[in-house]
Amino acid sequence: MKMFNFGSRAIFGLIGSLLFVSIPAHADHAWGNYHWARATSQFTLKIGNNLNNSWGGYLSMASGDWNNPGAVGAPFTPVITTVVSGKSNRNCSMVSGTTQVCNKTYGNNGWLGLASINVNSSGHITQGSAKMNDTYFNTTKYNNPNEKLHVMCQEVAHTFGLGHQSEDGSSQNSCMDYFSNTGTNSTSTLSTKPNYHDFEELTIIYGHLDSMTTVAPMSSATLGAIEDANDWGKLMSQSSEGRSSTYERTEPNGSKTITHVYWTQESVENCRSCDHRFEPHDD
Ligand SMILES: [Zn+2]
Ligand SMILES: [Zn+2]
């Protein structure tokens with residue numbers, strides 16, 4: 001899906017300059033147009049902190065960056081995050097009306113970070129989760145502040161309804177890209193924060209008001225935990241570089257749970273187009 005979006009952005013730019021029409025800010029990196037229902041132009045999303053000390057600071061930083069559009073010259077953000085005590089468990093069961101953030105050694109399963117949202121029949125997000133896989137973040141390659149902040153910043157923002165700005169590994173200086181802050185780039189702070197266009201996109205996604213809200217406070221009913229890859233459901237899309245996949249499953253109550261997976265570099269090397277759940281991952 002991003003492939004097409006990325007292509008269409010280039011085409012829009014070309015047409016815009018040929019015809020001298022101003023093209024409105026492109027809505028090209030929403031995540032399937034999913035968004036929280038709310039009746040105000042700005043809303044506060046509770047982010048449940050279920051992290052241990054090795055991660056708490058990165059969540060605070062990411063939250064602060066998403067709350068501060070002015071840092072990149074953007075005039076507004078509809079989503080204000082507030083970090084609160086976690087209400088989940090280590091497997092990150094979702095809690096209605098909130099995003100829960102967790103870390104754990106989830107295993108050599110190929111993914112660095114995972115974001116899931118549950119979407120009701122009207123297409124509104126009702127709850128989200130973001131997981132950081134310490135099985136990789138405990139290794140020398142991934143255990144550095146810039147890579148951790150990049151992945152945290154991205155996974156949390158997927159639960160706002162935001163998709164990627166690019167998936168080819170280049171840096172747009174947005175955490176919503178797949179630049180790798182590892183190896184010779186481990187000291188680079190590129191792509192560790194949102195950029196101007198991320199706020200522009202959020203403003204588009206939340207440009208309308210809803211008549212009701214799916215944002216907490218709400219009942220704290222939980223859906224089944226997404227504990228392993230077999231719970232993710234059907235593979236819906238995958239980036240051409242293979243590092244980003246989206247899965248979807250239907251819940252017993254008719255709602256859908258959508259999971260976004262951020263794969264490690266190693267896990268996609270053998271076959272970029274395969275469903276990486278079913279490939280062997282080295283220990
Ligand atoms: Zn809506
Ligand atoms: Zn992502």
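## Overview

A residue counts as buried when its relative accessible area is under 20%, as exposed when that area is over 50%, and as partly exposed in between. The structure described here is a predicted model. Of the 283 residues in the protein, 53% are buried. The protein exposes about 12000 Å², and carbon and sulfur atoms supply 55% of that area.

The fold contains five helices and nine strands. Read from the N terminus, these elements follow the order α-β-β-α-β-β-β-β-α-α-α-β-β-β. Among the contacts with a separation of 6 or more, 71% involve residues 24 or more positions apart. The sites described below supply individual examples of links between separate parts of the chain.

## The first zinc site

The zinc ion (ligand 1) has as its protein donors H35 (NE2), H124 (NE2), H208 (NE2), D210 (OD) and D210 (OD), at distances of 2.0 to 2.5 Å. Along the chain, these donors follow the spacing H-x88-H-x83-H-x1-D. H35 belongs to strand β1 (residues 35-36), whereas H208 is in the loop between α5 (196-205) and β7, so this pair ties together parts that are 173 residues apart in sequence.

Are H35 and H208 buried or exposed? H35 has a relative accessible area of 9% and is therefore buried. H208, at 31%, is partly exposed.

## The second zinc site

The zinc ion (ligand 2) is bound by Q154 (OE1), H158 (NE2), H164 (NE2) and H260 (NE2), which lie 2.0 to 2.7 Å from the ion. The donor residues are spaced Q-x3-H-x5-H-x95-H in sequence. Q154 is part of helix α4 and H260 is part of strand β9 (residues 256-263), so the pair ties together parts that are 106 residues apart in sequence. Q154 is buried, because its relative accessible area is 0%. H260 is buried as well, with a relative accessible area of 2%.

Why is the arrangement of the four donor atoms around the zinc ion (ligand 2) irregular? Four donors count as tetrahedral if all angles lie between 85 and 135 degrees, and as square planar if opposite donors are over 155 degrees apart and all others between 65 and 115. At this ion the angles run from 82 to 142°, which makes the arrangement irregular. As a point of reference, the ideal angle for four tetrahedral donors is 109.5 degrees.

## The disulfides

A disulfide is a covalent bond between the sulfur atoms of two cysteines. The protein has three disulfides. Counting the bonded cysteines along the chain, their pattern is 1-2, 3-4, 5-6.

One disulfide is formed by C92 and C102, whose sulfur atoms are 2.0 Å apart. The torsion about this S-S bond is about 90°, so the disulfide of C92 and C102 is right-handed. C92 lies in the loop between β3 (79-85) and β4 (98-104), and C102 lies in strand β4, so the pair ties together parts that are 10 residues apart in sequence. Both C92 and C102 are buried.

Another disulfide joins C153 to C175, with an S to S distance of 2.0 Å. Its torsion is about -55°, so the disulfide of C153 and C175 is left-handed. This pair links distant parts of the chain, for C153 is in helix α4 and C175 is in the loop between α4 and α5, 22 residues apart. Both C153 and C175 are buried.

In the disulfide of C271 and C274, the sulfur atoms are 2.0 Å apart. The torsion about the bond between C271 and C274 is about 90°, so this disulfide is right-handed. C274 has a relative accessibility of 26% and therefore counts as partly exposed.

## Two individual residues

S180 occupies a place in the loop between α4 (145-158) and α5. S180 is buried, because its relative accessible area is 8%. Its side chain makes a polar contact of 2.8 Å with the side chain of T182. Beyond its neighbours within four places in sequence, S180 is in contact with E147, N185, R243 and Q265.

K234 is located in strand β7 (residues 234-238). With a relative accessible area of 58%, K234 is exposed. Apart from neighbours within four places in sequence, K234 contacts T246, Y247 and E248. The C-alpha atom of K234 is 9.9 Å from that of T259, a residue 25 positions away along the chain.

Key:
Residues are numbered from 1 along each chain as its sequence is written. Chains are lettered from A and ligands numbered from 1 in the order in which they are written. This is a predicted model: local features need pLDDT of at least 70, side-chain atom pairs count only at pLDDT 80 or more; totals for chains, interfaces and linings use all residues. Side-chain values use heavy atoms; hydrogens and water are left out. Helices (H or I, at least four residues) and strands (E, at least two) are DSSP runs, numbered from the N terminus. Buried means under 20% relative accessible area, exposed over 50%, partly exposed in between (1.4 Å probe, protein chains only). Contact means heavy atoms within 4.5 Å. Donors are N, O and S atoms within 2.8 Å of the metal (3.2 Å for Na, K and Ca); water is not among the atoms, so sites may look incomplete. A polar contact is a pair of N or O atoms within 3.5 Å; within protein, one must be able to donate a hydrogen and the other to accept it, and residues adjacent in sequence count only if both atoms are side-chain atoms. Accessible areas come from the Shrake-Rupley method with a 1.4 Å probe; for residues, only the protein chains shown count as cover. Four donors count as tetrahedral if all angles lie between 85 and 135 degrees; four count as square planar and six as octahedral if opposite donors are over 155 degrees apart and all others between 65 and 115; anything else is irregular. A disulfide is a pair of cysteine sulfur atoms within 2.5 Å.
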